[in-house]
Amino acid sequence: MNLEEWVSVFNLDDTIISEREYQLSGITYIEKTISELYNTNFEGLIHSAKYKGIDDIWEWTCKKLNLLLDTKLTMKWLYRLHKPRIRLRDDINLVIKELEFKKAKIAIISDSRSITQRLKVQSIGLERFPLLVSEDFNSVKPNSKRFNQIERIWPNKKYVSVADNPATDFICPNSLNWFCIGANWITDRIYLSNKKLEPQPDKWLNYPHAVISTIENLRNSN
């Protein structure tokens with residue numbers, strides 16, 4: 001079935017990739033860097049501190065190493081600019097490839113720093129798709145600027161938003177009459193929905209491949 005009249009817009013963190021997996025990658029990178037630069041075995045220590053509930057792991061690390069607290073800013077930037085070791089799940093990759101095969105348009109949207117998010121997308125091999133990051137547009141969700149830009153890139157199409165966080169993700173696309181899909185397949189995602197208090201998508205899906213059948217059903221019903 002040809003889906004060339006459809007545009008699928010995916011949120012990045014906790015929809016396409018696991019944000020917890022990214023955090024694991026970044027912390028591991030910092031631990032390894034500290035171990036090499038300060039000639040100490042720091043591997044596993046920041047992970048342990050985070051697991052124990054330490055709120056500011058970078059301040060904790062500075063104190064542990066007897067460093068000035070200003071050094072934590074450097075650690076944050078090392079974390080943000082590291083090349084992440086993350087994976088694109090097979091089921092999500094299959095959905096993206098099938099959408100491409102069916103000639104649907106695909107874009108990725110994310111609230112964060114431009115370089116950080118582009119490094120994530122590059123690591124999972126999806127840099128061929130337009131990536132609209134909040135830092136590049138000086139706007140965060142639910143601001144409509146990036147959603148309007150998608151409509152300008154592909155005018156007069158039908159639009160589907162696939163995302164995980166009702167607090168921010170569905171407000172704007174709902175107002176634009178996009179169909180909103182809630183991504184419920186990353187079960188340990190950072191933000192879990194409060195379905196009684198927050199705006200909800202048109203449909204929650206537990207499996208990525210159901211995105212295809214949902215769009216096809218929408219196509220057939222129009």
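**Helices α5 and α10 and the sheet beside them**

Helices α5 and α10 pack against each other at an angle of about 35°, and their axes lie 9 Å apart. The residues that make this contact are Val 95, Glu 98 and Leu 99 on α5, and Val 211, Ile 212 and Ile 215 on α10. Sorted by class, the contact of α5 with α10 comprises five nonpolar residues, one charged residue and no polar ones. I should say at the outset that this is a predicted model.

Let me take α5 on its own. The helix has twelve residues, and from its first C-alpha to its last it reaches 16 Å, close to the 16 Å expected at 1.5 Å a residue. Its buried residues include Ile 92, Val 95, Ile 96 and Leu 99. These lie on the same side of α5, because they cover an arc of only 95° around the axis. The general rule here is that an α-helix has 3.6 residues a turn, so residues three or four places apart point the same way. On the other side of α5, Asp 90, Leu 94 and Phe 101 are exposed. And what covers the buried residues of α5? The cover includes β1, β2 and α10. After the helix comes Lys 103, which has a positive phi, near 70°.

I turn now to α10, residues 210-221. With twelve residues at 1.5 Å each, α10 should span 16 Å, and its end C-alpha atoms are indeed 16 Å apart. Buried in α10 are Val 211, Ile 212, Thr 214, Ile 215, Glu 216 and Leu 218. Which elements do these residues pack against? They meet α5 (90-101) and the strands β1 (6-11), β4 (158-163), β5 (179-183) and β6 (203-205).

That brings us to the sheet. The sheet is open and has six strands in the order β3-β2-β1-β4-β5-β6, paired in parallel. At its edges are β3 (131-133) and β6, each of which pairs on one side only. Neighbouring strands are turned against each other by 25° on average, direction ignored. Helix α6, residues 114-123, also packs on the sheet, where it touches β2 (105-110) and β3, and the direction of α6 makes about 150° with that of β3. As for β5 and β6, the two strands run parallel and are joined by three bridges. In one of the pairings, Ala 183 has Leu 205 of β6 as its bridge partner.

Ala 183 appears again in the surroundings of one loop residue, Thr 15. This residue sits in the loop between β1 and α1 (19-37). Is Thr 15 buried or exposed? Thr 15 has a relative accessible area of 1%, and is therefore buried, the cut-off for that being under 20%. Apart from neighbours within four places in sequence, Thr 15 is in contact with Phe 10, Ile 92, Val 162, Ala 163, Asp 164, Ala 183, Trp 185 and Ile 186. Among these, Ile 92 is one of the buried residues of α5 already mentioned.

I close with a second loop residue, Asn 177, in the loop between α9 (171-175) and β5. Asn 177 has a relative accessible area of 71%, and so counts as exposed, for which the cut-off is over 50%. Between Asn 177 and Ile 30 there is a separation of 147 residues in sequence and 43 Å in space, C-alpha to C-alpha.

Methods: Residues numbered from 1 in each chain as written. Predicted model: local features only at pLDDT ≥ 70, side-chain atom pairs only at ≥ 80, totals over all residues. Heavy atoms only, no water. Helix = DSSP H or I, 4+ residues; strand = E, 2+ residues; numbered from the N terminus. Expected span 1.5 Å × (residues − 1). Buried < 20%, exposed > 50% of the residue type's maximum accessible area, 1.4 Å probe, protein only. Contact = heavy atoms within 4.5 Å. Pairing = 2+ DSSP bridges. Axes fitted to C-alpha atoms, helices over the stretch in contact; angles between N-to-C directions. Nonpolar A, V, L, I, M, F, W, Y, C, P; charged D, E, K, R; others polar. Arc of directions from axis to C-beta.
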